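Colleague: I have a new model open and would like to learn how to read its core and its charged pairs. Could you walk me through them?

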Amino acid sequence: MISARKKQFQDTGSIERKPGQCRPGATTATEDRYLSIIARRNRGATASQLSRDLYAATGTRVSRVTVSKRLHETGLFARRPTVCVPLTSTNRRVRLARCREHRDWNMDQWATILFTDESRFSLSTDSRRTFIWREPGTRNLPSNVREIDHYGGGGLMVWAGFMLDGLTPLHVFERGSVTGVRYRDEILEPYVRLFRGVVGPEFILMDDNARPHRALLVDEFLESEDIRKMDWPARSPHRNPIEHVWDALGRAIATRNPPPRTIQEMKTALLNEWD
């Protein structure tokens, strides 16, 4: 058997690889640095795009898999970008001032606030998976954040609120847009007014700067019911802790099997998960 194997090896002309010996790399160290630099300059480029850029610059042709491996070696990994709303310098200044104003509040002060918000839940999801190249621990760096100021898709608009000691029912808006009149009649009158009566004069309502919340008839109702509102910086949706609740509710809906396929199924699922 030994002699037969030797004869076969000699006839085929095969080369025996020595221990520790590996094939030459597909890219040089200089090309690896080039890939890292252009990926950091254009963090939204795909591995295929970077492969084409490398070929155009150096004449070296590599696969997208090789590009990904080289970037991994330099600490870059494809991840979804953090998204945020666009902010002006005024937005940033006002937000910072508000944080400083409330940073020393105690638990009793925070317990008087009813945090409220509307949220839209859509039957159709955005399946476009866009990634960026970033280093571990750099998720919220400005270069790794993508601003998104809109979202679409048919679904349901809901409203809810919570305090440290309780929460409201989940209210589903039936058809149509949320107006100042609907906000007063469907939200403030049946829900917020009752919380104000239970908590007392220390009660504070937190809602954002959406147009229905700032309608004149809304201000008149709040004044007539002696309901105070918390000043809220513009374009600060993620500052509201209820956003964590919406995120948890959305994930609970997404993991349902089967998922909701109609508006009525979505409504039932939302109410059940909220309870």
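**Reading the core and the salt bridges**

Modeller: Happy to! Keep in mind that this is a predicted model. A good place to begin is L188, which touches Y183, R193, L205, V218, F221 and L222, leaving aside residues up to four places away in sequence.

Colleague: Which residues touch the most other members of the largest nonpolar core?

Modeller: The general idea is that nonpolar side chains tend to be buried together in soluble globular proteins. Here the largest nonpolar core has 18 residues, and L188, V192, F203 and L205 touch the most other members. Two or more residues come from each of β6 (155-163), α7 (180-199) and α8 (216-224). Helix α7 gives the most, with 6 residues. There is also a second, separate core of 14 residues, including A160, V172, L249 and M266.

Colleague: And how many salt bridges does a search of the whole structure find?

Modeller: Side chains of opposite charge can pair when their charged atoms come close. The search finds 13 salt bridges. In one of them, K267 pairs with E174, with the closest N and O atoms 2.5 Å apart. This pair links distant parts of the chain, since K267 sits in helix α10 (residues 263-274) and E174 in the loop between β8 (171-173) and α7, 93 residues apart.

Colleague: Is K267 buried, partly exposed or exposed?

Modeller: K267 is partly exposed, at 21% relative accessible area, and E174 is partly exposed at 43%.

Colleague: What about a pair within one helix?

Modeller: Try E186 and R182, whose side chains form a salt bridge (2.7 Å, N to O). Both lie in helix α7, 4 residues apart, about one turn of the helix. R182 is buried, with a relative accessible area of 15%.

How values were computed:
Residues are numbered from 1 along each chain as its sequence is written. This is a predicted model: local features need pLDDT of at least 70, side-chain atom pairs count only at pLDDT 80 or more; totals for chains, interfaces and linings use all residues. Side-chain values use heavy atoms; hydrogens and water are left out. A nonpolar core is a set of buried Ala, Val, Leu, Ile, Met, Phe, Trp, Tyr and Cys residues joined through side-chain atoms within 4.5 Å. Buried means under 20% relative accessible area, exposed over 50%, partly exposed in between (1.4 Å probe, protein chains only). Contact means heavy atoms within 4.5 Å. A salt bridge is a side-chain nitrogen of Lys or Arg within 4 Å of a carboxyl oxygen of Asp or Glu.
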